[in-house]
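Student: I am new to this structure and would like a close look at one part of it. Could you take me slowly through the sheet and the pieces that gather around it?

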Amino acid sequence: MLLNLGVRGHDFGKLPLPDLASRIASAGLRCVQLAPPKAVAGLETDVGTLSPGFAVMCREALAREGVAIAVLGCYINLSEPEASRREPQLERFKTYLRLARDFGCSIVGTESGSLASDFSWHPDNHGEHAYRGVLESVAELVAEAESFGVCVGIEGVAHFTIHSPQRLRRLLDDIGSSHLQIILDPVNLLGATIHRDQERIVKEAFDLLGDRIAVAHLKDFVMEEGRFRSVAAGTPGGMLDTELFLRLLAERKPGVQIVLEDTHPDTIASSVETVRTLAATLG
């Protein structure tokens, strides 16, 4: 399997750029999902502070260590019903879209969020009204992405508005632009009530979304006293069929950037080894 493995930058903590790049490379990783205010020391906020110069500094520091930026993370609440709270978030996302090429990246990623402003579960998240709100927000962002030749990356999450492979496919079709791409995280499509159907759900995701999967996320999950909890790949007792997911990636998206999530400096080596060992069995 062509394994193009990376990590979220902030899983190493908040570090100076050279140190962050070195730590990622030393773990044997080739790419990063970068959320600058979470990962880069000296940057406390991205509101009104980002510039092409800063973006180039990030790109060059990582490139010196052979690390590419797979995704710029700008996770906002696309489902926020109050315009006064939603519009500043959209403008923040647009800043990343305008600077993405300076970062050396073509994708800015987010989830769809919740009707609850704090991103918690809301009983109407899966309803039509919530979907229409997200559709309107995504259309605005995709129009901006088209202007700058970059892409919006959407990640489905089971308890959010865009929660299933089917709803992701509907969003792709309704937007009708190749500047909307998918960040596929199989664990985020599962949950306490549906995790036993993971094989069907993961295969549906590839069947419905395969042409638009730009980046993959990889972690695992466990069930604790009936509660669904995501954990790092390689965690003992992890229940994700990681071999199935890697096999489908190898068959359908060879060489795709795979970003490890929920890792920690003390456990990143075991996560990387677990994934590499499984990938090796796939040839």
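Tutor: Let us begin with the sheet and then move on to the helices, rings and charged side chains around it. Please keep in mind that this is a predicted model.

The sheet is a closed barrel of eight strands, in the order 1-2-3-4-5-6-7-10, and the pairing is parallel. On average, neighbouring strands of this sheet are turned by 30° against each other, direction ignored. To see one pairing in detail, look at strand 2 (residues 31–34) and strand 3 (residues 68–73), which run in the parallel sense and are joined over four bridges. Within that pairing, Gln33 has Val71 of strand 3 as its bridge partner.

Now add the helices. Helix 8 (residues 242–252) packs on the sheet and touches strand 6 (180–184), strand 7 (213–218) and strand 10 (257–260). The direction of helix 8 makes about 160° with that of strand 7. Helix 4 (residues 83–103) lies across strand 2, strand 3, strand 4 (107–111) and strand 5 (151–155), and it runs at about 145° to strand 4.

Helix 4 also brings us to the aromatic rings, of which the structure holds four pairs. One of them joins Phe54 and Phe103 edge-to-face, with 6.3 Å from centre to centre and 80° between the planes. Phe54 belongs to helix 3 (residues 52–63) and Phe103 to helix 4, so this pair links distant parts of the chain, 49 residues apart. Phe54 is buried, at a relative accessible area of 16%, and Phe103 is buried as well, at 1%.

Another aromatic pair is made by Phe119 and Phe160, whose ring centres are 6.3 Å apart; because their planes stand at 55°, the pair is tilted. Phe119 sits in the loop between strand 4 and helix 5 (128–148), while Phe160 sits in the loop between strand 5 and helix 6 (165–175), so the pair ties together parts that are 41 residues apart in sequence. Phe119 counts as partly exposed, at 31% relative accessibility, whereas Phe160 is buried at 5%.

Helix 6 has salt bridges to show you. Arg169 and Asp173 meet through their side chains at 3.0 Å, N to O. Both are in helix 6, four residues apart, which is about one turn of the helix. Arg169 is buried, with a relative accessible area of 17%, but Asp173 is partly exposed at 48%. Arg170 and Asp174 form a salt bridge too, with their closest N and O atoms 3.6 Å apart. These two residues are also four apart in helix 6, so about one helical turn separates them. Asp174 is partly exposed at 39%, and so is Arg170 at 29%.

Back in helix 8, the side chains of Glu251 and Arg247 form a salt bridge of 3.5 Å, N to O. Here again the partners are four residues apart, about one turn of the helix. Arg247 is partly exposed, with 33% relative accessibility. Elsewhere, salt bridges with shared partners join Arg8, Asp11, Asp185, Lys219, Glu261 and Asp262 into one network. The count of salt bridges comes to 22.

Finally, visit the loop between strand 1 (4–8) and helix 1 (17–26), where you will find Gly13. Gly13 is partly exposed, at 28% relative accessibility. Beyond its neighbours within four places in sequence, Gly13 is in contact with Lys38 and Ala39.

Technical notes:
Residues are numbered from 1 along each chain as its sequence is written. This is a predicted model: local features need pLDDT of at least 70, side-chain atom pairs count only at pLDDT 80 or more; totals for chains, interfaces and linings use all residues. Side-chain values use heavy atoms; hydrogens and water are left out. Two strands pair if DSSP finds at least two bridges between them. Axes are lines fitted to C-alpha atoms, for helices over the stretch in contact, and angles run from 0 to 180 degrees between N-to-C directions. Contact means heavy atoms within 4.5 Å. Rings of Phe, Tyr and Trp (its six-membered ring) pair if their centres lie within 6.5 Å; planes under 30 degrees apart count as stacked, over 60 as edge-to-face and the rest as tilted. Buried means under 20% relative accessible area, exposed over 50%, partly exposed in between (1.4 Å probe, protein chains only). A salt bridge is a side-chain nitrogen of Lys or Arg within 4 Å of a carboxyl oxygen of Asp or Glu.
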